[in-house]
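User: Please take a close look at one part of this protein for me, starting from a single residue. After that, walk me through the rest in one connected answer.

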Amino acid sequence: CLTFQLACCCGTAACSLCCKCCPKIKQSTSTRFMYALYFILVTIICCVMMSTTVANEMKTHIPFYKQMCKGIQAGEMCEKLVGYSAVYKVCFGMACFFFLFFLFTIKINSSKSCRAYIHNGFWLIKLILLAAMCSGAFFIPDQDTFLNAWRYVGATGGFLFIAIQLILLVEFAHKWNKNWTAGANHKQMWNGLLALVTLILYSVAVAALVLMALFYTRSEGCMYNKVLIGVNGGLCLFVSLVAISPCVQNRQPHSGLLQSGVISCYVMYLTFSALSSKPPETILDENNQNITICVPEFSQGLHRDENLVTGLGTTILFGCILYSCLTSTTRASSEALRGIYATPETEVSSC
(Lines give C-alpha, C1' and ligand atoms only; values in the text may rest on other atoms or scores of the structure.)
Protein backbone atom coordinates (compact mmCIF):
# COMPACT_ATOMS: atom_id res chain seq x y z
CA CYS A 1 0.00 0.00 0.00
CA LEU A 2 2.90 2.36 0.79
CA THR A 3 4.29 1.76 -2.70
CA PHE A 4 0.96 2.69 -4.25
CA GLN A 5 0.75 5.83 -2.11
CA LEU A 6 4.19 6.94 -3.24
CA ALA A 7 3.26 6.20 -6.83
CA CYS A 8 0.08 8.22 -6.47
CA CYS A 9 1.97 11.25 -5.17
CA CYS A 10 5.11 11.05 -7.27
CA GLY A 11 4.13 9.01 -10.31
CA THR A 12 1.20 8.37 -12.60
CA ALA A 13 -0.73 5.73 -10.63
CA ALA A 14 -4.40 6.38 -10.05
CA CYS A 15 -5.33 7.77 -6.63
CA SER A 16 -7.94 5.05 -6.19
CA LEU A 17 -5.05 2.61 -5.68
CA CYS A 18 -4.01 4.35 -2.47
CA CYS A 19 -6.76 2.85 -0.36
CA LYS A 20 -9.87 0.79 -0.86
CA CYS A 21 -12.17 3.44 0.60
CA CYS A 22 -11.49 5.87 -2.28
CA PRO A 23 -14.37 5.96 -4.79
CA LYS A 24 -13.71 4.83 -8.32
CA ILE A 25 -13.78 7.86 -10.60
CA LYS A 26 -12.54 8.58 -14.09
CA GLN A 27 -8.97 9.72 -14.47
CA SER A 28 -10.09 12.97 -16.11
CA THR A 29 -12.36 13.74 -13.14
CA SER A 30 -9.63 13.03 -10.59
CA THR A 31 -7.22 15.24 -12.55
CA ARG A 32 -9.67 18.15 -12.59
CA PHE A 33 -10.33 17.63 -8.89
CA MET A 34 -6.62 17.74 -8.02
CA TYR A 35 -6.02 20.92 -10.01
CA ALA A 36 -9.08 22.48 -8.35
CA LEU A 37 -7.72 21.42 -4.97
CA TYR A 38 -4.46 23.24 -5.72
CA PHE A 39 -6.42 26.33 -6.75
CA ILE A 40 -8.57 26.28 -3.61
CA LEU A 41 -5.50 25.76 -1.42
CA VAL A 42 -3.74 28.83 -2.85
CA THR A 43 -6.97 30.85 -2.63
CA ILE A 44 -7.30 30.03 1.07
CA ILE A 45 -3.70 31.12 1.62
CA CYS A 46 -4.49 34.40 -0.14
CA CYS A 47 -7.53 34.93 2.09
CA VAL A 48 -5.33 34.38 5.15
CA MET A 49 -2.79 36.89 3.83
CA MET A 50 -5.50 39.50 3.32
CA SER A 51 -6.82 39.11 6.86
CA THR A 52 -5.75 41.92 9.17
CA THR A 53 -6.66 39.71 12.13
CA VAL A 54 -4.07 37.13 11.11
CA ALA A 55 -1.43 39.83 10.64
CA ASN A 56 -2.11 41.29 14.08
CA GLU A 57 -2.06 37.84 15.71
CA MET A 58 1.31 37.14 14.08
CA LYS A 59 2.72 40.39 15.47
CA THR A 60 1.39 39.57 18.94
CA HIS A 61 2.22 35.90 19.32
CA ILE A 62 5.38 35.34 17.23
CA PRO A 63 8.54 36.11 19.23
CA PHE A 64 11.16 38.34 17.62
CA TYR A 65 8.64 39.30 14.91
CA LYS A 66 10.48 42.47 13.87
CA GLN A 67 13.85 40.77 13.76
CA MET A 68 12.43 37.90 11.70
CA CYS A 69 10.84 40.29 9.20
CA LYS A 70 14.10 42.16 8.75
CA GLY A 71 16.02 38.90 8.40
CA ILE A 72 13.89 37.68 5.49
CA GLN A 73 13.77 41.21 3.99
CA ALA A 74 9.97 41.37 4.19
CA GLY A 75 9.85 44.91 5.61
CA GLU A 76 9.95 46.19 9.15
CA MET A 77 6.57 44.61 10.02
CA CYS A 78 6.47 41.92 7.30
CA GLU A 79 4.24 44.09 5.11
CA LYS A 80 5.55 42.20 2.07
CA LEU A 81 4.12 38.94 3.45
CA VAL A 82 0.60 40.25 4.10
CA GLY A 83 -1.90 42.46 2.32
CA TYR A 84 -2.74 42.87 -1.34
CA SER A 85 0.90 42.98 -2.52
CA ALA A 86 1.54 39.50 -1.09
CA VAL A 87 -1.68 38.21 -2.67
CA TYR A 88 -0.58 39.62 -6.05
CA LYS A 89 2.71 37.76 -5.83
CA VAL A 90 1.14 34.45 -4.78
CA CYS A 91 -1.48 34.73 -7.54
CA PHE A 92 1.26 35.54 -10.06
CA GLY A 93 3.03 32.29 -9.15
CA MET A 94 -0.23 30.33 -9.37
CA ALA A 95 -1.05 31.91 -12.75
CA CYS A 96 2.39 30.94 -14.06
CA PHE A 97 1.86 27.37 -12.83
CA PHE A 98 -1.49 26.89 -14.57
CA PHE A 99 -0.33 28.71 -17.72
CA LEU A 100 2.68 26.40 -17.88
CA PHE A 101 0.44 23.32 -17.86
CA PHE A 102 -1.93 24.99 -20.29
CA LEU A 103 0.96 25.20 -22.78
CA PHE A 104 2.13 21.71 -21.82
CA THR A 105 -1.23 20.07 -22.64
CA ILE A 106 -1.91 21.73 -26.00
CA LYS A 107 -2.93 19.18 -28.65
CA ILE A 108 -2.88 16.10 -26.44
CA ASN A 109 -5.03 13.66 -28.40
CA SER A 110 -4.57 10.53 -26.34
CA SER A 111 -4.58 9.76 -22.61
CA LYS A 112 -1.73 7.29 -23.24
CA SER A 113 0.76 9.85 -24.50
CA CYS A 114 3.77 10.84 -22.43
CA ARG A 115 2.47 14.35 -21.73
CA ALA A 116 -0.91 12.94 -20.69
CA TYR A 117 0.79 10.72 -18.10
CA ILE A 118 2.53 13.76 -16.64
CA HIS A 119 -0.70 15.77 -16.75
CA ASN A 120 -2.64 13.08 -14.84
CA GLY A 121 -0.06 12.31 -12.16
CA PHE A 122 3.05 13.45 -10.27
CA TRP A 123 0.91 15.48 -7.84
CA LEU A 124 3.51 15.81 -5.10
CA ILE A 125 6.06 17.11 -7.60
CA LYS A 126 3.47 19.53 -9.00
CA LEU A 127 2.66 20.75 -5.50
CA ILE A 128 6.33 21.45 -4.87
CA LEU A 129 6.54 23.25 -8.22
CA LEU A 130 3.47 25.37 -7.36
CA ALA A 131 4.92 26.27 -3.97
CA ALA A 132 8.26 27.17 -5.59
CA MET A 133 6.58 29.44 -8.15
CA CYS A 134 4.47 31.21 -5.52
CA SER A 135 7.49 31.66 -3.24
CA GLY A 136 9.74 32.77 -6.10
CA ALA A 137 7.40 35.67 -6.89
CA PHE A 138 8.51 37.32 -3.62
CA PHE A 139 12.06 37.58 -5.00
CA ILE A 140 11.12 39.44 -8.20
CA PRO A 141 13.31 42.56 -8.45
CA ASP A 142 11.71 46.01 -8.69
CA GLN A 143 8.55 45.08 -6.81
CA ASP A 144 6.83 48.45 -7.43
CA THR A 145 6.99 48.08 -11.22
CA PHE A 146 5.81 44.47 -10.98
CA LEU A 147 2.81 45.37 -8.81
CA ASN A 148 1.79 48.26 -11.07
CA ALA A 149 1.98 46.06 -14.17
CA TRP A 150 0.20 43.14 -12.48
CA ARG A 151 -2.73 45.40 -11.54
CA TYR A 152 -3.49 45.91 -15.24
CA VAL A 153 -3.10 42.20 -15.92
CA GLY A 154 -5.47 41.45 -13.06
CA ALA A 155 -8.04 43.97 -14.29
CA THR A 156 -7.91 42.52 -17.82
CA GLY A 157 -8.15 38.96 -16.54
CA GLY A 158 -11.03 39.89 -14.23
CA PHE A 159 -12.96 41.41 -17.14
CA LEU A 160 -12.44 38.29 -19.27
CA PHE A 161 -13.39 36.07 -16.31
CA ILE A 162 -16.70 37.91 -15.81
CA ALA A 163 -17.47 37.85 -19.54
CA ILE A 164 -16.81 34.11 -19.86
CA GLN A 165 -18.69 33.39 -16.65
CA LEU A 166 -21.75 35.28 -17.93
CA ILE A 167 -21.74 33.26 -21.16
CA LEU A 168 -21.43 29.96 -19.33
CA LEU A 169 -24.18 30.99 -16.88
CA VAL A 170 -26.47 31.59 -19.85
CA GLU A 171 -25.53 28.18 -21.25
CA PHE A 172 -26.18 26.51 -17.88
CA ALA A 173 -29.58 28.21 -17.49
CA HIS A 174 -30.41 27.36 -21.11
CA LYS A 175 -29.86 23.64 -20.47
CA TRP A 176 -31.71 23.90 -17.17
CA ASN A 177 -34.74 25.50 -18.86
CA LYS A 178 -34.66 22.99 -21.72
CA ASN A 179 -34.57 19.97 -19.39
CA TRP A 180 -37.42 21.18 -17.19
CA THR A 181 -39.51 22.18 -20.21
CA ALA A 182 -39.01 18.70 -21.64
CA GLY A 183 -40.08 17.23 -18.30
CA ALA A 184 -43.29 19.28 -18.45
CA ASN A 185 -44.40 17.15 -21.39
CA HIS A 186 -44.80 14.25 -18.95
CA LYS A 187 -45.65 16.05 -15.69
CA GLN A 188 -47.06 19.54 -15.29
CA MET A 189 -45.21 19.75 -11.98
CA TRP A 190 -42.09 20.80 -13.88
CA ASN A 191 -43.85 23.86 -15.27
CA GLY A 192 -44.78 24.87 -11.73
CA LEU A 193 -41.21 24.37 -10.50
CA LEU A 194 -39.85 26.38 -13.42
CA ALA A 195 -42.20 29.26 -12.66
CA LEU A 196 -41.37 29.08 -8.93
CA VAL A 197 -37.60 29.18 -9.48
CA THR A 198 -37.95 32.05 -11.95
CA LEU A 199 -40.08 33.97 -9.45
CA ILE A 200 -37.51 33.39 -6.69
CA LEU A 201 -34.64 34.59 -8.89
CA TYR A 202 -36.44 37.80 -9.84
CA SER A 203 -37.54 38.36 -6.24
CA VAL A 204 -33.90 38.13 -5.10
CA ALA A 205 -32.76 40.49 -7.87
CA VAL A 206 -35.48 43.08 -7.14
CA ALA A 207 -34.88 42.86 -3.38
CA ALA A 208 -31.14 43.36 -3.89
CA LEU A 209 -31.81 46.36 -6.15
CA VAL A 210 -34.14 47.97 -3.58
CA LEU A 211 -31.76 47.34 -0.66
CA MET A 212 -28.79 48.80 -2.55
CA ALA A 213 -30.84 51.87 -3.46
CA LEU A 214 -31.87 52.20 0.18
CA PHE A 215 -28.45 51.77 1.80
CA TYR A 216 -26.05 53.14 -0.83
CA THR A 217 -27.90 56.26 -1.98
CA ARG A 218 -29.47 59.33 -0.42
CA SER A 219 -31.42 62.32 -1.65
CA GLU A 220 -28.27 64.46 -2.00
CA GLY A 221 -25.04 63.16 -3.49
CA CYS A 222 -24.15 59.55 -4.29
CA MET A 223 -24.60 60.27 -8.00
CA TYR A 224 -22.18 57.49 -9.01
CA ASN A 225 -24.11 54.95 -6.97
CA LYS A 226 -27.44 56.11 -8.37
CA VAL A 227 -26.18 55.84 -11.95
CA LEU A 228 -24.66 52.41 -11.35
CA ILE A 229 -27.80 51.00 -9.72
CA GLY A 230 -30.10 52.59 -12.30
CA VAL A 231 -28.11 51.47 -15.34
CA ASN A 232 -27.65 47.89 -14.14
CA GLY A 233 -31.29 47.62 -13.07
CA GLY A 234 -32.40 48.96 -16.45
CA LEU A 235 -30.13 46.54 -18.30
CA CYS A 236 -31.56 43.61 -16.34
CA LEU A 237 -35.07 44.72 -17.32
CA PHE A 238 -33.96 45.08 -20.94
CA VAL A 239 -32.42 41.59 -20.96
CA SER A 240 -35.62 40.14 -19.52
CA LEU A 241 -37.71 41.75 -22.27
CA VAL A 242 -35.28 40.56 -24.94
CA ALA A 243 -35.40 36.97 -23.61
CA ILE A 244 -39.17 36.73 -24.21
CA SER A 245 -39.26 38.77 -27.44
CA PRO A 246 -40.64 37.00 -30.54
CA CYS A 247 -37.34 37.42 -32.40
CA VAL A 248 -35.36 35.53 -29.73
CA GLN A 249 -38.14 32.97 -29.21
CA ASN A 250 -38.12 32.10 -32.91
CA ARG A 251 -34.35 31.61 -32.92
CA GLN A 252 -34.07 29.97 -29.47
CA PRO A 253 -37.40 28.34 -28.49
CA HIS A 254 -35.99 27.31 -25.10
CA SER A 255 -35.07 30.87 -24.18
CA GLY A 256 -37.08 32.39 -21.35
CA LEU A 257 -37.11 34.31 -18.11
CA LEU A 258 -35.06 31.69 -16.26
CA GLN A 259 -31.88 32.66 -18.12
CA SER A 260 -32.44 36.36 -17.61
CA GLY A 261 -33.30 35.75 -13.94
CA VAL A 262 -29.99 33.97 -13.35
CA ILE A 263 -28.08 36.77 -15.07
CA SER A 264 -30.01 39.44 -13.17
CA CYS A 265 -29.05 37.91 -9.82
CA TYR A 266 -25.41 37.69 -10.89
CA VAL A 267 -25.42 41.31 -12.10
CA MET A 268 -26.89 42.43 -8.77
CA TYR A 269 -24.04 40.65 -6.99
CA LEU A 270 -21.50 42.42 -9.22
CA THR A 271 -23.21 45.75 -8.55
CA PHE A 272 -23.09 45.11 -4.81
CA SER A 273 -19.41 44.24 -5.10
CA ALA A 274 -18.70 47.49 -6.95
CA LEU A 275 -20.64 49.62 -4.45
CA SER A 276 -18.95 48.07 -1.42
CA SER A 277 -15.50 48.49 -3.00
CA LYS A 278 -16.01 52.16 -3.91
CA PRO A 279 -14.40 54.65 -1.49
CA PRO A 280 -17.07 56.41 0.59
CA GLU A 281 -17.91 60.06 -0.05
CA THR A 282 -17.68 62.74 2.64
CA ILE A 283 -19.65 65.97 2.95
CA LEU A 284 -19.96 68.78 5.51
CA ASP A 285 -23.02 68.66 7.74
CA GLU A 286 -24.78 71.63 9.34
CA ASN A 287 -22.08 71.73 12.02
CA ASN A 288 -19.27 71.92 9.40
CA GLN A 289 -18.10 68.42 10.30
CA ASN A 290 -17.15 65.75 7.78
CA ILE A 291 -19.65 62.90 7.59
CA THR A 292 -19.46 59.76 5.48
CA ILE A 293 -22.26 59.12 3.02
CA CYS A 294 -23.13 56.53 0.37
CA VAL A 295 -22.34 53.60 2.68
CA PRO A 296 -24.63 51.69 5.06
CA GLU A 297 -24.60 53.16 8.56
CA PHE A 298 -24.21 49.73 10.13
CA SER A 299 -20.96 49.10 8.20
CA GLN A 300 -19.10 52.33 8.97
CA GLY A 301 -15.76 51.36 10.44
CA LEU A 302 -16.67 47.67 10.48
CA HIS A 303 -16.43 46.77 6.75
CA ARG A 304 -19.39 44.41 7.09
CA ASP A 305 -20.46 44.94 3.50
CA GLU A 306 -16.95 44.18 2.23
CA ASN A 307 -16.85 41.01 4.32
CA LEU A 308 -20.23 40.00 2.89
CA VAL A 309 -19.00 40.56 -0.66
CA THR A 310 -15.87 38.54 0.07
CA GLY A 311 -17.94 35.69 1.50
CA LEU A 312 -20.39 35.68 -1.41
CA GLY A 313 -17.62 35.90 -3.98
CA THR A 314 -15.62 33.10 -2.38
CA THR A 315 -18.72 30.89 -2.16
CA ILE A 316 -19.61 31.49 -5.82
CA LEU A 317 -16.02 30.90 -6.89
CA PHE A 318 -15.64 27.63 -4.99
CA GLY A 319 -19.07 26.48 -6.14
CA CYS A 320 -18.21 27.08 -9.80
CA ILE A 321 -14.84 25.36 -9.43
CA LEU A 322 -16.28 22.28 -7.73
CA TYR A 323 -19.20 22.10 -10.17
CA SER A 324 -16.87 22.21 -13.16
CA CYS A 325 -14.69 19.47 -11.62
CA LEU A 326 -17.36 17.04 -10.50
CA THR A 327 -19.42 17.21 -13.70
CA SER A 328 -18.37 16.01 -17.12
CA THR A 329 -17.21 18.64 -19.56
CA THR A 330 -19.52 18.82 -22.55
CA ARG A 331 -18.93 20.02 -26.04
CA ALA A 332 -21.83 22.42 -25.55
CA SER A 333 -19.93 24.30 -22.83
CA SER A 334 -17.02 25.06 -25.14
CA GLU A 335 -19.29 25.83 -28.08
CA ALA A 336 -21.29 28.24 -25.91
CA LEU A 337 -18.26 30.51 -25.78
CA ARG A 338 -18.66 30.89 -29.55
CA GLY A 339 -22.41 31.37 -29.37
CA ILE A 340 -23.19 27.83 -30.60
CA TYR A 341 -25.70 25.74 -28.68
CA ALA A 342 -25.49 22.04 -29.42
CA THR A 343 -28.50 19.79 -29.66
CA PRO A 344 -28.84 16.97 -27.09
CA GLU A 345 -27.71 14.43 -29.69
CA THR A 346 -24.37 16.16 -30.21
CA GLU A 347 -23.51 16.70 -26.56
CA VAL A 348 -20.79 14.24 -25.57
CA SER A 349 -18.63 13.82 -22.51
CA SER A 350 -14.96 14.36 -23.09
CA CYS A 351 -12.26 12.34 -21.38
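Analyst: Happy to help: F122 is partly exposed, with a relative accessible area of 26%; on this scale buried means under 20%, exposed means over 50%, and partly exposed lies in between (1.4 Å probe, protein chains only). The model is a predicted one, in which local features need pLDDT of at least 70 and side-chain atom pairs count only at pLDDT 80 or more, while totals for chains, interfaces and linings use all residues. Residues are numbered from 1 along each chain as its sequence is written, and side-chain values use heavy atoms, leaving out hydrogens and water.

F122 sits in the loop between α6 and α7. Helices (H or I, at least four residues) and strands (E, at least two) are DSSP runs numbered from the N terminus. Although F122 is not a glycine, its phi is positive, at about 60°.

N120 belongs to the loop between α6 (114–119) and α7 (123–136) as well. N120 counts as buried because its relative accessible area is 13%. Its contacts, meaning heavy atoms within 4.5 Å, are with Q27, T31 and K126 once neighbours within four places in sequence are set aside.

K107 makes a useful companion to F122. K107 lies in the loop between α5 (83–104) and α6, and its phi is near 60°, a positive value in a residue other than glycine. K107 is exposed, though, with a relative accessible area of 72%.

Now to α2, which spans residues 27–50 and holds M49. M49 is buried, at a relative accessible area of 16%. Apart from neighbours within four places in sequence, M49 is in contact with L81, V82, G83, A86, V87, V90 and F138. L81 stands 32 residues from M49 in sequence, yet their C-alpha atoms are 7.2 Å apart in space.

Two nonpolar cores come next, each a set of buried Ala, Val, Leu, Ile, Met, Phe, Trp, Tyr and Cys residues joined through side-chain atoms within 4.5 Å. In soluble globular proteins, nonpolar side chains tend to be buried together. The largest nonpolar core has 23 residues, of which L201, M212, M268 and L275 touch the most other members. At least two residues of this core come from each of α8, α9 (189–215), α10 and α12, and α12 gives the largest share, 10 residues. L275 itself touches M212, Y216, N225, L228 and I229, not counting residues up to four places away in sequence. A second, separate core has 15 residues, including C46, A86, V90 and W123.

The cysteines are worth a look too. A disulfide is a covalent bond between the sulfur atoms of two cysteines. Here a pair counts when the sulfur atoms are within 2.5 Å, and one disulfide meets that rule. C222 and C294 form it, with their sulfur atoms 2.0 Å apart, and with -105° about the S-S bond their link is left-handed. This pair links distant parts of the chain, 72 residues apart: C222 is in the loop between α9 and α10, and C294 is in the loop between β2 (290–293) and α13 (304–326). C222 is buried at 0% relative accessible area, and C294 is buried at 6%.

C91 makes no bond with C46, its closest cysteine by sulfur position, because their sulfurs are 3.8 Å apart, too far for one. C91 is partly exposed at 24% relative accessibility. C236 has its closest cysteine sulfur in C265, 8.7 Å away and too far for a bond; C236 is buried at 11%.

To finish, here is the protein chain as a whole. It has 14 helices and two strands, and 31% of its 351 residues count as buried. Among contacts between residues at least 6 apart in sequence, 67% join residues at least 24 apart.
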